[in-house]
Amino acid sequence: MKCRFCSEVSKQNGEDTLGTLYPFDSWLIFEIKQPWNVNMLADTQPISQAVIDLIQEIHQQQKIKFWQLAIAPDHEYSTSDNIRIFHYSRPAQLFAKYDKREYIIPWELIGELIFALYKQPQFLTNFDKYLQDTSHIREIMVCTHGNVDVACARFGYPIYQELRQNYAYSQLRIWRCSHFGGHQFAPTLIDMPYGRSWGHLNPEILPNIIYQKGDISQLRPFYRGFFGLPTFAQILEGEIWLQEEWNWYEYLKFGQVLELTEDKTRAMVEVDFVSPNQEIKGKYQGIIKQTHQVITQHHSKDKNLFPIPQYQVFNLRYLPLKK
């Protein structure tokens with residue numbers, strides 16, 4: 001009762017959720033029983049130290065940026081003694097959704113599968129018999145990782161329950177997941193394969209997120225961004241989405257920072273896009289400027305507050321592709 005939750009401080013002080021994601025090209029998601037340590041793979045048996053070392057090696061040696069998550073088993077979804085592993089990957093430079101592979105494999109094959117996924121894809125056919133036909137299923141993952149920050153458990157679990165009880169169906173599964181950054185925005189979730197994240201959630205906005213409808217301007221305070229873009233491009237993409245509305249979800253996109261000052265207070269950013277039918281092609285450019293700072297709290301266990309920069313988009317321009 002005496003805890004000062006970081007997410008409450010963040011919300012009360014108006015910390016912007018947008019542009020707060022680490023960009024990732026790929027994801028490894030393991031179905032692992034709780035409780036999870038701060039490092040969700042540590043002391044998880046029978047995941048071996050060799051597998052953990054392999055993941056660390058990939059992080060260090062591969063140019064691809066990827067992250068590993070845990071999801072908690074579910075009484076309805078989880079019926080096997082084997083382990084479920086999701087692999088999401090960026091399909092191209094411009095994309096709207098991550099490519100999904102779901103495997104249910106024996107625990108002893110985890111290392112071999114990861115090695116094939118990231119180092120020797122020519123051997124992936126060896127695992128075809130473990131592939132699941134779930135490319136059509138959307139996965140919503142809500143962070144409830146209380147061992148990282150109590151705010152995620154305190155605020156994330158009720159949102160998970162609301163989603164699990166009232167929104168899950170045959171083509172939408174709801175999971176509890178481990179930490180992916182930004183516990184000061186708890187409750188927060190990931191929407192896959194779209195690769196989008198939301199924070200400071202409340203039950204009232206869940207229908208808009210799940211059914212992808214409604215007034216986007218009302219959703220802006222909760223939108224954290226698209227994992228497929230660099231941080232400053234996430235900010236620009238959020239502003240573009242306000243103009244393009246829900247059709248923008250399906251547009252293939254690629255973002256890059258053209259210019260960035262040394263103190264990171266100003267950036268020129270560009271987002272290229274293509275409509276799903278390839279008929280509309282163009283780009284947006286804009287200037288991202290730091291406008292002010294707010295005081296936030298990074299962890300609920302911290303007593304100290306600190307300033308964090310806040311940004312806005314200026315001079316947003318649409319540049320149609322020249323034929």
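**Exercises: strands, salt bridges and a tucked-in helix**

Glu-139 has Met-192 as its bridge partner in β7. (Helices, H or I runs of at least four residues, and strands, E runs of at least two, come from DSSP and are numbered from the N terminus.) Keep in mind that you're looking at a predicted model, where local features need pLDDT of at least 70, side-chain atom pairs count only at pLDDT 80 or more, and totals for chains, interfaces and linings use all residues. Residues are numbered from 1 along each chain as its sequence is written, and side-chain values use heavy atoms, with hydrogens and water left out.

**Exercise 1. Find the strands joined to β7, and work out whether they run parallel or antiparallel to it.**

*Step 1.* Locate β7 at residues 189-192. Now look for strands that pair with β7; pairing takes at least two DSSP bridges between two strands.

*Step 2.* Check β5, which covers residues 138-143. β5 and β7 share four bridges and run antiparallel. The match of Glu-139 with Met-192 belongs here.

*Step 3.* Move on to β8, residues 196-198. β7 and β8 are also antiparallel, with three bridges between them. Here Asp-191 sits opposite Arg-196 of β8.

*Step 4.* Look at the turn. The hairpin of β7 and β8 has three residues between its strands, and Gly-195 takes a positive phi near 65° there.

**Exercise 2. Decide whether the residues on the faces of β7 are buried or exposed.**

*Step 1.* Use the cut-offs: buried is under 20% relative accessible area, exposed is over 50%, and partly exposed is in between (1.4 Å probe, protein chains only).

*Step 2.* Take one side, with Leu-189 and Asp-191: both are buried.

*Step 3.* Flip to the other side, with Ile-190 and Met-192: these are buried too, so both faces of β7 are covered.

**Exercise 3. Track down salt bridges that link distant parts of the chain.**

*Step 1.* Search the whole structure and you get 15 salt bridges. (That's a side-chain nitrogen of Lys or Arg within 4 Å of a carboxyl oxygen of Asp or Glu.)

*Step 2.* Start with Arg-90 and Asp-25, whose closest N and O atoms are 3.1 Å apart. Arg-90 is in the loop between β3 (83-89) and β4 (99-105), while Asp-25 is in the loop between α1 (6-12) and β1 (26-31), 65 residues away. With a relative accessible area of 22%, Arg-90 is partly exposed.

*Step 3.* Next, try Asp-74 and Arg-164, with 2.9 Å between their closest N and O atoms. The loop between β2 (66-71) and β3 holds Asp-74, and helix α4 (residues 150-166) holds Arg-164, 90 residues apart. Asp-74 counts as buried because its relative accessibility is 7%, and Arg-164 is buried as well, at 13%.

*Step 4.* Go back to the strands of Exercise 1. Arg-138 and Asp-191 meet in a salt bridge at 2.7 Å, N to O. The pair ties β5 to β7 across 53 residues, and both of its residues are buried.

*Step 5.* Finally, look for a linked group. Glu-31, Arg-84, Lys-100, Glu-102, Glu-139 and Arg-173 form a network of salt bridges. You've met Glu-139 already, as the partner of Met-192.

**Exercise 4. Explain why helix α3 is described as largely enclosed, and name what its buried residues pack against.**

*Step 1.* Count along α3, residues 110-118. Seven of its nine residues are buried, so the rest of the structure largely encloses the helix.

*Step 2.* Name the buried ones: Ile-110, Gly-111, Leu-113, Ile-114, Ala-116, Leu-117 and Tyr-118.

*Step 3.* List the neighbours in contact (heavy atoms within 4.5 Å). The buried residues of α3 pack against β1, α2 (49-61), β2, β3 and β4.

**Exercise 5. Describe how β3 is covered and which strands it pairs with.**

*Step 1.* Check burial: six of the seven residues of β3 are buried.

*Step 2.* Pair β3 with β1: they're antiparallel, over five bridges. Trp-27 faces Tyr-88 of β3.

*Step 3.* Pair β3 with β4: antiparallel again, over seven bridges. Phe-86 stands opposite Glu-102 in β4, and Glu-102 also belongs to the salt-bridge network of Exercise 3.
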